[in-house]
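Trainee: Please take a close look at one loop residue of this protein and explain where it sits and what surrounds it.

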Amino acid sequence: MNAQYANAAITGIHMSNLNCALSEINPHISIGWGLLGNLGDIPVDKAVRDAARRELQERFDFSYPYKGEGSRGPGAIQVARFYFDMTPGDLVLLFDGNYTRTVNLGVVTSQYYYGCRFGQDTDYVHNKNVCWVGQMPYAAFNRNCPKAYIGQCSVWSLDNYRDEILSLFSLNLERNAAKIAVQMAKDKANPPASSDYSGYADKADLKEHIQGAIQNDPQALVRTALAYEYGFGVPQDVRMARQLYEQAANEGNADAEYHLGLCYYHNRGLAGDLGTDKNRRAAAEWYEKAANHGNAKAQAALGNCYICGIGVGKDGDKGRRWFAEAALQNYPIAEYMMHVCYKNGVGVKKDDIWASSWLSRYQLAAGSGADSLL
């Protein structure tokens, strides 16, 4: 069985943001850098790979001009590794040190597609489907593959650990051979489609929101900001988007407070880079304002901040409580995170019954329709 993966690329990835990557209903991997838009028009043929990589770098420079050259280059390399180098049949290891505290092996089963997965962090729009086949505790993996985890990267090569990884997960790959084949065949026959999740029915609808923004209507300001942030019907301008979010947030609009938090979290459209720590603290502060105003997405984002120690001190109990607040508003990703908390004893005592109950609620919600940017 290992011979099948002798030449497969092996990639490490970690996702500290809210995600449902390991759920049975949405098995996948995603990365951020959402301002790049849909990458699907960039050719993946090896014959034009050099030109395609230059095109990706140019798009990265255009979309993230406020990032220093020292961070734009590595960022583009990570996106390129995800987009070009991870193909169906390759192996991926998802490192989750905050919730399950595990390393998870999967086989990539689809090509790239664009769009916000149901209940996912809205920056994570670059996706590939995965068939998950094995899981082991962080500590056990690190004993066998020391220094394999690279925390400062979101996507990195693990080809140098091929023999160790194939040995650790050999039985998992063998036992799940049929499952992998079925998922590969399914994604080949029906490739997952990219989607535009703008929320605008047409340009007339967009013009109506812009007119409302001119009249200083907070909700219209938020929708206009979304249009500028993602380039829906207008030229993309993340700084304009951030200014509009800030204008509406200062009026106490919870959606604007949440999106302004996202701007700080992802360093989008800021007047100057405050540094990662200060940006994340500012993000948590805006999330908390929106959470206290009842915004479910902000409540879930704040819960993730507490559990991961992002912008605030680590506090599993507070994190789980904020997830609960959002889940009680039927926010799907919060329902999934409540499942994860109870299953793994994060901020609460392990309880398989409650874990199963919250998972059922998430699966029911996921079957009802797509999520939205707001």
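Mentor: Helices (H or I, at least four residues) and strands (E, at least two) are DSSP runs, numbered from the N terminus. The model is predicted, so local features need pLDDT of at least 70 and side-chain atom pairs pLDDT 80 or more, while totals for chains, interfaces and linings use all residues. Residues are numbered from 1 along each chain as its sequence is written, and side-chain values use heavy atoms, leaving out hydrogens and water.

The protein chain contains 15 helices and seven strands. Of its 374 residues, 54% are buried, that is, under 20% relative accessible area with a 1.4 Å probe, counting protein chains only (over 50% is exposed, in between partly exposed). Among contacts (heavy atoms within 4.5 Å) with a separation of 6 or more, 66% join residues 24 or more positions apart.

The residue to examine is aspartate 123, in the loop that runs between β5 (113-114) and β6 (126-137). Although it belongs to a loop, aspartate 123 has a relative accessible area of 5% and is therefore buried. Its surroundings come from distant parts of the sequence: setting aside neighbours within four places, aspartate 123 is in contact with Ile31, Gly32, Trp33, Gly34 and Leu35, and also with His266 and Arg268. The C-alpha atom of aspartate 123 is separated by 8.7 Å from that of leucine 262, a residue 139 residues apart from it along the chain.
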